[in-house]
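Welcome, and please open the model in your viewer. We will walk through it one selection at a time, so keep the selection box handy.

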Amino acid sequence: MPAIVIVGGQWGDEGKGKVVAHWCQRKRPSIVARAGVGPNAGHTVTIGDKAIGLQLTPSGFVYEGARLLIGPGVLVDPDVLLKEIETLGVGDRLGVDRHCGIIESKHREEDRQSKHLATGIGTTGTGCGPANRDRALRTLRLASDCDVLKPYLADVPLELNESLSQGKRVLVESAQGFGLSLFHGTYPYVTSKDTTAAQAAADVGVGPTQVKEVIVIFKAFPSRVGKGPFPTEMPQETAEGLGIMEYGTVTHRRRRIGHFDFAFAKRSCMLNGATQIALTKVDVLDPRCRDVKEYDQLTDKVVQFIHRVETETGTPVTLISTGPSIDSIIERGDAQTA
Ligand code: IMP
Ligand code: MG
């Protein structure tokens, strides 16, 4: 069975946590492997009225049958991870690859004190950029050097590839979004690594021929935190008028909000090799669609928007999220086939 990759299509915060959590409950994968840069991510999973923010643990933790792995390309901050393991009680099924780079306090400090990074770029201050620099310089410590991670060390590429050859289902959960890619995004206002689906597969050690489905997530109203170009950005008052007021999961900074950018979405689908689109927050487009669970109950306004996204990107919209809760989602076409 081939691997499936879920990636962000815009500037992060598209709703990966929610989409991944839903997907895992439905499809019951044997492994969910986290890709992406590191703890700069904040994935939110809402169960009932409880919102859980995750920086390193795969959002697929909600499906208890899944092994949770962190791929070698992902930076690990042991303090952040150990806290999540304790809070979520997932220590018995979580594995950290031996080759994961380790973020130390010096990396966090540099990220927060550097004028260029903190003020110029507007980074998350989680130490990812300085740690990836040290990795490129080959001075960064790895998980295998870190005593507190010893109980969790794993060979993630081996586990994943063995599962795939046994016909088991494997999900690669990426982080950030296409516009933040170091190679394809709005450089220099980007993160410290590529963020496309190909990089996500490389982050966890799965070869490109093993990936069959790439689900790219788009929000109906994209957002951006930190500095950088955002051609469809709207004034904060306009966003408030639409009922949108979002804050970053990690940094609590207020997010900039924009209108959907079809040309950007098309390019994002192209560079990610998208086979499906998950569209989130359509309830912002039309509040009458809030928590709707059937496609035929969506309003014309939302259905027309979905059709336009499909036409302009040439990619089918198979998942439609209508509210924060894990159950507020509609499956369509390919997403329905188990
Ligand atoms: P860094 O990744 O902390 O170096 O931050 C670089 C840029 O990427 C900043 O604009 C951050 O706000 C943004 N960024 C990094 N990770 C995320 C994420 O998971 N969601 C949204 N923005 C992010
Ligand atoms: Mg986020």
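Which residues of helix α5 (residues 128-136) are buried? Select the helix and colour C128, P130, A131, N132 and D134, which are the buried ones. Here buried means under 20% relative accessible area, exposed over 50%, and partly exposed in between, with a 1.4 Å probe and protein chains only. Helices (H or I, at least four residues) and strands (E, at least two) are DSSP runs, numbered from the N terminus.

A few words on the ground rules. This is a predicted model, in which local features need pLDDT of at least 70, side-chain atom pairs count only at pLDDT 80 or more, and totals for chains, interfaces and linings use all residues. Residues are numbered from 1 along each chain as its sequence is written, chains are lettered from A and ligands numbered from 1 in the order in which they are written, and side-chain values use heavy atoms, with hydrogens and water left out.

**Around helix α5**

Now add α3 (105-113) and α4 (115-121) to the view: they are among the elements that cover the buried residues of α5. Contact means heavy atoms within 4.5 Å. Step past the end of α5 to R138, where phi is positive, near 65 degrees.

**The magnesium ion**

Next, select ligand 2, the magnesium ion, with D13 and G42. Its protein donors are D13, through OD, and G42, through O, at 2.0 to 2.3 Å from the ion. Donors are N, O and S atoms within 2.8 Å of the metal (3.2 Å for Na, K and Ca); water is not among the atoms, so sites may look incomplete. The two donors bring together distant parts of the chain, 29 residues apart: D13 sits in the loop between β1 (3-8) and α1 (16-27), and G42 in the loop between β2 (31-34) and β3 (43-47). D13 is partly exposed at 23% relative accessibility, while G42 is buried at 14%.

**A cavity**

How many cavities of 30 Å³ or more does the structure hold? There is one, and the largest cavity has a volume of about 40 Å³. On a 1 Å grid over the protein atoms alone, a cavity is a set of points where a 1.4 Å probe fits but cannot get out, and lining residues have an atom within 4 Å of a point. Grid points are joined across faces, edges and corners, and a volume is the space filled by probe spheres set on the points. To see the lining of the largest cavity, select Q10, W11, F218, P222, F260, D261, F264 and A265.

P222 also leads to another stop, H259, which touches F221, P222, T232 and M234, not counting residues up to four places away in sequence. H259 lies in the loop between β11 (256-257) and α9 (262-272) and is partly exposed at 38% relative accessibility. M234 then leads on to A239, whose contacts beyond four places in sequence are M234, I244 and I257. A239 belongs to helix α8 (residues 236-241) and is buried, at 0% relative accessibility.

**Two nonpolar cores**

Select L160, L279 and L298, the residues with the most contacts inside the largest nonpolar core, which has 47 residues. Helix α11 (residues 300-313) gives the largest share of this core, five residues. A nonpolar core is a set of buried Ala, Val, Leu, Ile, Met, Phe, Trp, Tyr and Cys residues joined through side-chain atoms within 4.5 Å. A second, separate core has 40 residues, including I4, I85, A143 and I329.

A143 is also one of the residues that D97 touches, along with others including I70, G71 and D155, leaving out residues up to four places away in sequence. D97 is in strand β6 (residues 94-97) and is buried at 2% relative accessible area.

**Backbone stops**

Where is the cis peptide bond? Find Y187 and P188, which it joins with omega at about 5 degrees. P188 is in the loop between β8 (170-173) and α7 (197-204).

Finish with K281 and D291. K281 is not a glycine, yet its phi is positive, about 60 degrees; it is in the loop between β12 (276-280) and α10 (282-285) and is partly exposed at 31% relative accessibility. D291, also not a glycine, has a positive phi of about 60 degrees. Look for D291 in the loop between α10 and α11, where D291 is partly exposed at 32% relative accessibility.

Terms used: 1 Å grid on protein atoms, 1.4 Å probe; cavity = no way out; pocket = protein on both sides within 12 Å on 5 of 7 lines; lining within 4 Å.
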